[in-house]
Amino acid sequence: NAIDPDQYADIIENAKTYLINGRNPDGGWRYYANFGYSDLSVTQWPVLALHAIDYSNENVWYGITSFASSCFDPGSGGFRYRPGSDVRGAMTGAGLWCYMMHPDPSMHNVPQVDSGYQWIEDHYTFDYHPGASPGTWMYYYYLYSIAKALELKGSTYLGEHNWYQDLYTKLESLQETDGHWAANTQQEAPDFSTILAVLVLK
């Protein structure tokens, strides 16, 4: 059965207030409230939460895309963890979340979005994490970040790639006999890898 949001209205409101009040001056979030500056990896999760409750404050959302834009690399078309860092697959997905979850539909068609999806197509793979070193680093996080970005695009295809089928096939091949997905780096514990795999399949 679907969860009744009215039953959790106070909790949702408190969480929303915490997130909004905890933003950094650059428009994003980091490890704890009012950290001082942001990173795209942390920022994508409050973005997901605000999108889930249909939060529509323009100043907040334009602050989010302003920070995402600061992480955009016009040379490659991908996104970085923070301005000046390396472009990675998961961060490109995170940057796309910031634009594609924006309540203003015009933000879904800005050049950064087109370039981000082109970056994913140019580096298309579910075998490793593009841009990460090693390529197994935060692998399941990469899969979820990219899957959500592609879902927001509204098609099961990216160019000639049936990403939906390709990703399902990949996850099916990686599932252990007892049902979990094993971590392939120290950064991802088995529980975390399994949670992310299930979110991708959702």
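**Exercise 1. Which residues is Ala-183 in contact with, leaving aside its neighbours within four places in sequence?**

Solution. Start by placing the residue: in this predicted model, Ala-183 sits in the loop between α7 and α8 (190-201). Next, list its partners: Glu-188, Ala-189, Pro-190 and Ser-193. Then look at the cover. Ala-183 has a relative accessible area of 29%, so it goes down as partly exposed. Finally, pick a residue elsewhere on the chain: Tyr-55 is 128 residues away in sequence, and the two C-alpha atoms are 34 Å apart.

**Exercise 2. Take Ser-145 and decide: buried or exposed?**

Solution. Find the residue in helix α6 (residues 139-153). Its relative accessibility is 0%, and the cut-off for buried is under 20%, so Ser-145 is buried. Now see what is around it. Once you drop the neighbours within four places in sequence, Ser-145 touches Gln-44, Ala-90, Gly-93, Ala-94 and Trp-97.

**Exercise 3. Work out which residues form a nonpolar patch on the surface.**

Solution. The members are Ile-3, Tyr-8, Ile-11, Ile-12 and Ile-53. Together they offer about 460 Å² of accessible area. Zoom in on one of them: Ile-11 belongs to helix α1 (residues 9-21). With a relative accessible area of 57%, Ile-11 is exposed.

**Exercise 4. How many aromatic pairs does a search of the whole structure find, and what geometry does the pair of Phe-35 and Tyr-37 have?**

Solution. The search turns up twelve pairs. For Phe-35 and Tyr-37, the ring centres are 5.2 Å apart and the planes meet at 85°, so call this one edge-to-face. Check the cover on both sides: Phe-35 is partly exposed at 22% relative accessible area, and Tyr-37 is partly exposed at 36%.

For another case, go to Trp-163 and Tyr-164, whose rings are edge-to-face with 5.7 Å between centres and 75° between planes. Trp-163 is buried, at 7% relative accessibility.

Now go back to Phe-35 and Tyr-37 and widen the view: they belong to one aromatic cluster along with Tyr-31 and Tyr-32.

**Exercise 5. Which residue lies over the face of Trp-137, and which over the face of Tyr-117?**

Solution. Take the tryptophan, then the tyrosine. Over the face of Trp-137 you'll find Arg-88, 4.6 Å from the ring centre. Over the face of Tyr-117 it's Lys-153, at 5.4 Å from the ring centre.

**Exercise 6. How many salt bridges are there, and where do the partners Asp-127 and Lys-170 lie?**

Solution. Side chains of opposite charge can pair when their charged atoms come close. The cut-off to apply is a nitrogen within 4 Å of a carboxyl oxygen, and the count comes to five. Let's go through some of them.

- Asp-39 and Arg-30: the closest N and O atoms are 2.9 Å apart. Asp-39 is buried at 0% relative accessibility, and Arg-30 is buried too, at 12%.
- Asp-127 and Lys-170: the N to O distance is 3.1 Å. Asp-127 lies in the loop between α5 (111-122) and α6, while Lys-170 is in helix α7 (residues 163-174), so this bridge ties together parts that are 43 residues apart in sequence. Asp-127 is exposed, at 55% relative accessibility.
- Glu-151 and Lys-148: here the closest N and O atoms are 3.6 Å apart. Both residues are in helix α6, three residues apart, or about one turn of the helix. Glu-151 is partly exposed at 49%, whereas Lys-148 is buried at 18%.

**Exercise 7. Hunt down some backbone oddities: which residues does a cis peptide bond join, and what is the phi of Asp-54 and of Met-138?**

Solution. Begin with omega. Between Ser-133 and Pro-134 it is about 0°, and the bond is cis. Pro-134 lies in the loop between α5 and α6.

Move on to phi. Asp-54 isn't a glycine, yet its phi is positive, near 60°. You'll find Asp-54 in the loop between α2 (40-52) and α3 (58-70), and at 66% relative accessibility it is exposed.

Met-138 isn't a glycine either, and its phi is about 50°, again positive. Met-138 is in the loop between α5 and α6. With a relative accessible area of 13%, Met-138 is buried.

Methods:
Residues are numbered from 1 along each chain as its sequence is written. This is a predicted model: local features need pLDDT of at least 70, side-chain atom pairs count only at pLDDT 80 or more; totals for chains, interfaces and linings use all residues. Side-chain values use heavy atoms; hydrogens and water are left out. Patches are made of residues with over 30% relative accessible area and no salt bridge: like charges are joined within 9 Å, nonpolar side chains (Val, Leu, Ile, Met, Phe, Trp, Tyr) within 5 Å. Accessible areas come from the Shrake-Rupley method with a 1.4 Å probe; for residues, only the protein chains shown count as cover. A salt bridge is a side-chain nitrogen of Lys or Arg within 4 Å of a carboxyl oxygen of Asp or Glu. Helices (H or I, at least four residues) and strands (E, at least two) are DSSP runs, numbered from the N terminus. Buried means under 20% relative accessible area, exposed over 50%, partly exposed in between (1.4 Å probe, protein chains only). Contact means heavy atoms within 4.5 Å. Rings of Phe, Tyr and Trp (its six-membered ring) pair if their centres lie within 6.5 Å; planes under 30 degrees apart count as stacked, over 60 as edge-to-face and the rest as tilted. A charge sits over a ring if NZ of Lys or CZ of Arg is within 6 Å of the ring centre and within 35 degrees of the ring normal.
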